[in-house]
Amino acid sequence: MNSIEFFFDPACPFAWLTSRWVTEVAEQSALQVRWRFIALKILNEGKDVPEQYARGHAASFEMLRVVAAVSDDLGNDAVAALYTALGTALLTSAAGLSLAFGAFLAGLAVAESEYRTQIVAEVLP
């Protein structure tokens, strides 16, 4: 089976758009995707980055802690589901829609994943 490593920072819209294409290609072929995260905040230290990007990189840095924990505890497929959820929420927010609506759409996406039962068990009291 062919495989690729896909590096992403949750704040990067370019990585998000490319990830949707990679996901579609993987579903239509025998391609396995290893989801790897990077921190644009660290990669861009000391560089002249627009303030809006710097704020996004800082917020994303916090999200990467969650991504790392999910990767360690649940593995690659869970990272893919989480990245889908985070990206959906952030994209709707960037489009001027509420973050709550983005979270709702993300929930719909994750509800279709193999992690549905585990997510429901952890969210419900």
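Start by selecting helix 3 and helix 4: their axes come within 7 Å and cross at roughly 155°. Keep in mind as you go that this is a predicted model. Angles over 145 degrees count as roughly antiparallel, and helix 3 and helix 4 are therefore roughly antiparallel to each other. Turn the view until you can look across the pair, and you will have a right-handed crossing in front of you.

Now show the side chains where these two helices touch. On helix 3, pick Met63, Val66, Val67, Val70, Ser71 and Leu74. Their partners on helix 4 are Asn76, Ala78, Val79, Leu82, Leu86 and Leu90. Colour this contact by class and you will find 10 nonpolar residues, two polar and no charged.

**Next stop: helix 5**

Keep helix 4 (residues 76-94) on screen and add helix 5 (residues 99-111). What angle do helix 4 and helix 5 make as they pack? The angle is about 150°, and the axes lie 7 Å apart. Helix 4 and helix 5 are therefore roughly antiparallel to each other, and helix 4 passes helix 5 in a right-handed crossing.

To see the contact itself, select Ala81, Thr84, Ala85, Thr88, Ala89, Thr92 and Ser93 in helix 4. Across from them, in helix 5, choose Leu99, Phe101, Gly102, Ala103, Leu105, Ala106, Ala109 and Val110. The residues of this contact divide into 10 nonpolar, five polar and no charged.

**Then over to helix 1**

Hide helix 5 and bring in helix 1, which covers 13-28. Helix 1 packs with helix 4 at an angle of about 130°, and their axes are 11 Å apart. Helix 1 and helix 4 are therefore oblique to each other. Is their crossing left-handed or right-handed? Here it is left-handed.

Select Ala15, Trp16, Ser19 and Arg20 on helix 1, which meet Tyr83, Thr84, Gly87, Thr88 and Leu91 on helix 4. By class, this contact has four nonpolar, four polar and one charged residues. While you are here, look again at Thr84 and Thr88: both meet helix 1, and both also belong to the helix 4 side of the contact with helix 5.

**Last stop: the largest pocket**

Finally, switch on a surface and look for the largest pocket, which holds about 520 Å³ of space. Which residues lie nearest its centre? Select Pro10, Ala11, Cys12, Pro13 and Gly56 to find them, out of the 19 residues that line the pocket.

Three helices each give two or more residues to this lining: helix 1, helix 3 (51-74) and helix 4. Helix 3 gives the most, with seven residues. Colour the lining by class as you did before, and you will see 13 nonpolar residues, six polar and no charged.

Definitions and conventions:
Residues numbered from 1 in each chain as written. Predicted model: local features only at pLDDT ≥ 70, side-chain atom pairs only at ≥ 80, totals over all residues. Heavy atoms only, no water. Axes fitted to C-alpha atoms, helices over the stretch in contact; angles between N-to-C directions. Helix = DSSP H or I, 4+ residues; strand = E, 2+ residues; numbered from the N terminus. Parallel < 35°, antiparallel > 145°, perpendicular 65-115°, else oblique. Left-handed = near helix turned anticlockwise from the far one by under 90°. Contact = heavy atoms within 4.5 Å. Nonpolar A, V, L, I, M, F, W, Y, C, P; charged D, E, K, R; others polar. 1 Å grid on protein atoms, 1.4 Å probe; cavity = no way out; pocket = protein on both sides within 12 Å on 5 of 7 lines; lining within 4 Å. Points joined across faces, edges and corners; volume = space filled by probe spheres on them.
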